[in-house]
Amino acid sequence: NGFGLLAELGRDCAGAVVVVPAGAAAPTPETGSIEWLDDDALAQRIADLPRNPLGVADAGGRVRLSLAGVQPKLVVTRAPSGRIGQPTGGAPSTHLIKPAQEQYPDLVANEACCLRVARATGLRAANAEIVEIGGRDCLLVARWDRTIDTGGRIVRLHQEDLCQALGKLPAAKYEVEGGPSVAAMVELLRHLGAPTLARDLVELVRAVALNVVLGNADAHGKNYAVLYEPLGVGRLAPLYDVVSTMVYPELHRSLAMTIGGIDDPDEVDARAWRRLAADAGLGGQLPRAIREFAGRVVDSASVVRDAARVEGWHRPVLDEIVDHATRRARRLEV
């Protein structure tokens with residue numbers, strides 16, 4: 001059950017939550033340690049993910065690292081020198097490694113491209129880079145729920161994904177199954193009332209638009225989050241897990257969150273955004289703003305695609321992403 005899972009996997013959760021067995025001392029930066037890995041050892045940990053999907057087991061065979069999500073990932077700590085290791089004893093991690101998957105070709109380049117497009121449009125998004133480990137492309141993603149204090153120590157920042165923040169179980173992460181809607185996310189940010197509210201509302205709506213234009217049908221309630229900064233102020237977290245799912249025909253096409261009641265991404269037009277604006281109290285100028293932003297997404301996707309060619313990580317999937325974005329942006333002119 002959930003409590004049993006927390007007992008085994010709770011030492012390095014998302015955010016600032018740490019769960020240890022009753023009577024055990026909570027880990028501190030001083031009690032934890034890092035098992036530094038050479039290239040071969042790191043490659044072996046990546047290869048072991050199908051058998052050990054949450055990381056490395058301790059001496060008793062018990063996994064002590066956990067982070068939700070469909071994609072296999074290794075939770076690691078990266079030193080300023082670039083050295084990579086796995087945290088033990090409750091030490092906080094700083095990065096995630098997502099290896100390539102055979103069933104979804106070029107997934108690493110796909111996510112790297114989409115995150116870079118997000119940043120190019122002015123959105124805050126997780127920092128990620130493509131690295132080769134054991135001959136396999138991997139995405140190295142910096143955790144946005146970690147920071148460094150003045151003493152150089154890794155500090156956990158608390159976060160809640162929007163299913164958690166809205167009291168929705170993970171099984172209800174899609175709107176059609178009772179999960180969060182765009183209007184509900186907007187209302188949550190208003191309720192939190194952060195000093196950055198106006199900026200956060202703009203970022204949230206643009207993030208939703210970015211996912212629609214890039215063809216990410218899986219942008220559900222667990223792929224948006226609230227980050228509680230050191231003073232306890234809750235604001236929208238940087239964007240993460242942005243992948244163009246539309247380039248994989250076997251994946252579901254319906255949007256995880258509807259736009260004005262529309263879940264078919266090919267049918268999302270200015271009228272759908274107008275209905276969403278009315279539902280969420282976002283003002284009548286939203287469709288025009290979204291149309292302008294969609295143009296920026298297309299331009300940024302083209303620039304990132306061309307940069308990938310120069311930098312040596314271009315894949316055919318990037319051309320498909322640009323084509324999808326161009327078609328979706330044109331739809332908003334209707």
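# Notebook: strands, a ring pair and four residues

I began at the hairpin. Strand 10 and strand 11 form it with five residues between them, and G232 in the turn has a positive phi of about 85 degrees. I take helices (H or I, at least four residues) and strands (E, at least two) as DSSP runs, numbered from the N terminus. The model is predicted, so local features need pLDDT of at least 70 and side-chain atom pairs count only at pLDDT 80 or more, while totals for chains, interfaces and linings use all residues. Residues are numbered from 1 along each chain as its sequence is written, and side-chain values use heavy atoms, with hydrogens and water left out.

**Entry 1: the sheet around the hairpin**

I looked up which sheet holds strands 10 and 11. Three strands form an open sheet in the order 9-10-11, with antiparallel pairing. Two strands pair if DSSP finds at least two bridges between them. Strand 9 (158-161) and strand 11 are the edge strands, and each pairs on one side only. Neighbouring strands here are turned by 30 degrees against each other on average, direction ignored. For such angles, axes are lines fitted to C-alpha atoms, for helices over the stretch in contact, and angles run from 0 to 180 degrees between N-to-C directions.

I then listed bridges. Strand 9 is joined to strand 10 (residues 225-228) by four bridges, and the two run antiparallel. On this side I noted that E160 has V226 in strand 10 as its bridge partner, and that H158 stands opposite Y228 in strand 10. Strand 10 and strand 11 pair over three bridges, also in the antiparallel sense. In strand 11, Y228 has G234 as its bridge partner. Y228 thus appears in my list opposite H158 and again with G234.

**Entry 2: the six-stranded sheet**

I found a further open sheet of six strands, in the order 1-3-2-4-6-5, and its pairing is antiparallel. Strand 1 (33-36) and strand 5 (128-133) stand at its edges with a single partner strand each, so one side of each is left without a neighbour in the sheet. The average turn between neighbouring strands in this sheet is 45 degrees, direction ignored. At the strand 1 edge, four bridges join strand 1 to strand 3 (residues 84-88), and these two run antiparallel. I picked out E35, whose bridge partner in strand 3 is Q86.

**Entry 3: aromatic rings**

How many aromatic pairs does the structure hold? I count two. Rings of Phe, Tyr and Trp (its six-membered ring) pair if their centres lie within 6.5 Å; planes under 30 degrees apart count as stacked, over 60 as edge-to-face and the rest as tilted. One of the pairs is W144 with Y240: the ring centres are 4.5 Å apart and the planes stand at 20 degrees, so the pair is stacked. The pair links distant parts of the chain, 96 residues apart. W144 is in the loop between strand 6 (136-142) and strand 7 (146-148), and Y240 is in the loop between strand 11 (234-236) and helix 7 (270-280). W144 and Y240 are both buried. Buried means under 20% relative accessible area, exposed over 50%, and partly exposed in between (1.4 Å probe, protein chains only).

**Entry 4: residues in helices**

I checked N211, which lies in helix 6 (residues 197-214). N211 counts as buried because its relative accessibility is 3%. Neighbours within four places in sequence aside, N211 is in contact (heavy atoms within 4.5 Å) with N216, A219, Y224, L239 and V242.

S300 lies in helix 8 (residues 286-311). S300 is also buried, at a relative accessible area of 9%. Not counting residues up to four places away in sequence, S300 touches V117, A120 and T121.

Is R274, in helix 7, buried or partly exposed? With 45% relative accessibility, R274 counts as partly exposed. I also took the C-alpha separation of R274 and R288, which is 9.3 Å for 14 residues along the chain.

**Entry 5: the whole chain**

The secondary structure comes to nine helices and eleven strands. Of the 334 residues, 48% count as buried. Among contacts with a separation of 6 or more, residues 24 or more positions apart account for 65%. The C-alpha trace spans about 60 × 45 × 40 Å along its principal axes.
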